[in-house]
Amino acid sequence: MITPRRWERTRVPGSFTSAERYFGPGLDVLASDHARLQRLVDEALGARSELLAAVANGDAAATPWAIDRYASRTGELCRALARHLDDEEELVIPLLLGRG
């Protein structure tokens, strides 16, 4: 599997690589976010499965717990994704604008 950061290092146009010293550390942080975001997606999907199972089984004791867990996991995912997209916008947009 090619990681986003590896792709950036091998496929980014030359004008981007000249900015590597300035943007490199920030791009590394963004790339490391991808693994965390994937973990959060997996956790949210797991919580969704638990919720659907509790509802399907009519488990009145487990359903409220599953609802809370799903809400918590999806909330954490949304907050992390919003932070990541904000960070990405602060780094990538200036990089693209500097290219023109």
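Start with the whole chain shown as a surface: about 6,900 Å² is exposed, and carbon and sulfur atoms supply 59% of that area. Accessible areas come from the Shrake-Rupley method with a 1.4 Å probe, and for residues only the protein chains shown count as cover. This is a predicted model, in which local features need pLDDT of at least 70 and side-chain atom pairs count only at pLDDT 80 or more, while totals for chains, interfaces and linings use all residues. Residues are numbered from 1 along each chain as its sequence is written, and side-chain values use heavy atoms, with hydrogens and water left out.

Switch to a cartoon view. The chain has four helices and zero strands, in the order α-α-α-α. Helices (H or I, at least four residues) and strands (E, at least two) are DSSP runs, numbered from the N terminus. Of the 100 residues in the chain, 26% are buried; buried means under 20% relative accessible area, exposed over 50%, and partly exposed in between (1.4 Å probe, protein chains only). Among contacts (heavy atoms within 4.5 Å) with a separation of 6 or more, 62% join residues 24 or more positions apart.

Next, select Leu-37, Leu-40, Ala-44, Leu-77 and Ala-80. These five residues form the largest nonpolar core, a set of buried Ala, Val, Leu, Ile, Met, Phe, Trp, Tyr and Cys residues joined through side-chain atoms within 4.5 Å. Helices α3 (20-56) and α4 each supply at least two residues of this core, and α3 gives the largest share, three residues. Centre on Ala-80: leaving aside residues up to four places away in sequence, Ala-80 touches Arg-36, Leu-37 and Leu-40.

Now show the charged side chains. The structure holds three salt bridges, each a side-chain nitrogen of Lys or Arg within 4 Å of a carboxyl oxygen of Asp or Glu. Select Arg-39 and Glu-43, whose side chains meet at 2.9 Å, N to O. These two residues are separated by about one helical turn because they are four residues apart in helix α3. Add Arg-73, which meets Glu-43 at 3.9 Å, N to O. That pair links distant parts of the chain, with Arg-73 in helix α4 and Glu-43 in helix α3, 30 residues apart. Arg-39, Glu-43 and Arg-73 are thus linked in a network of salt bridges. Then select Arg-69 and Glu-50, a salt bridge of 2.6 Å, N to O. Here Arg-69 in helix α4 and Glu-50 in helix α3 are 19 residues apart.

Move to Thr-63, in helix α4. Is Thr-63 buried or exposed? Thr-63 counts as buried because its relative accessibility is 17%. A polar atom of its side chain lies 2.7 Å from the backbone oxygen of Asp-59; a polar contact is a pair of N or O atoms within 3.5 Å, where within protein one must be able to donate a hydrogen and the other to accept it, and residues adjacent in sequence count only if both atoms are side-chain atoms. Not counting residues up to four places away in sequence, Thr-63 touches Leu-51, Ala-54 and Val-55. Val-55 is found in helix α3 and is exposed, with a relative accessible area of 51%.

Finish with Ile-93, Leu-96 and Leu-97, which make a nonpolar surface patch of about 300 Å². Patches are made of residues with over 30% relative accessible area and no salt bridge, with like charges joined within 9 Å and nonpolar side chains (Val, Leu, Ile, Met, Phe, Trp, Tyr) within 5 Å. Leu-96 lies in helix α4 (residues 62-99) and counts as partly exposed at 43% relative accessibility.
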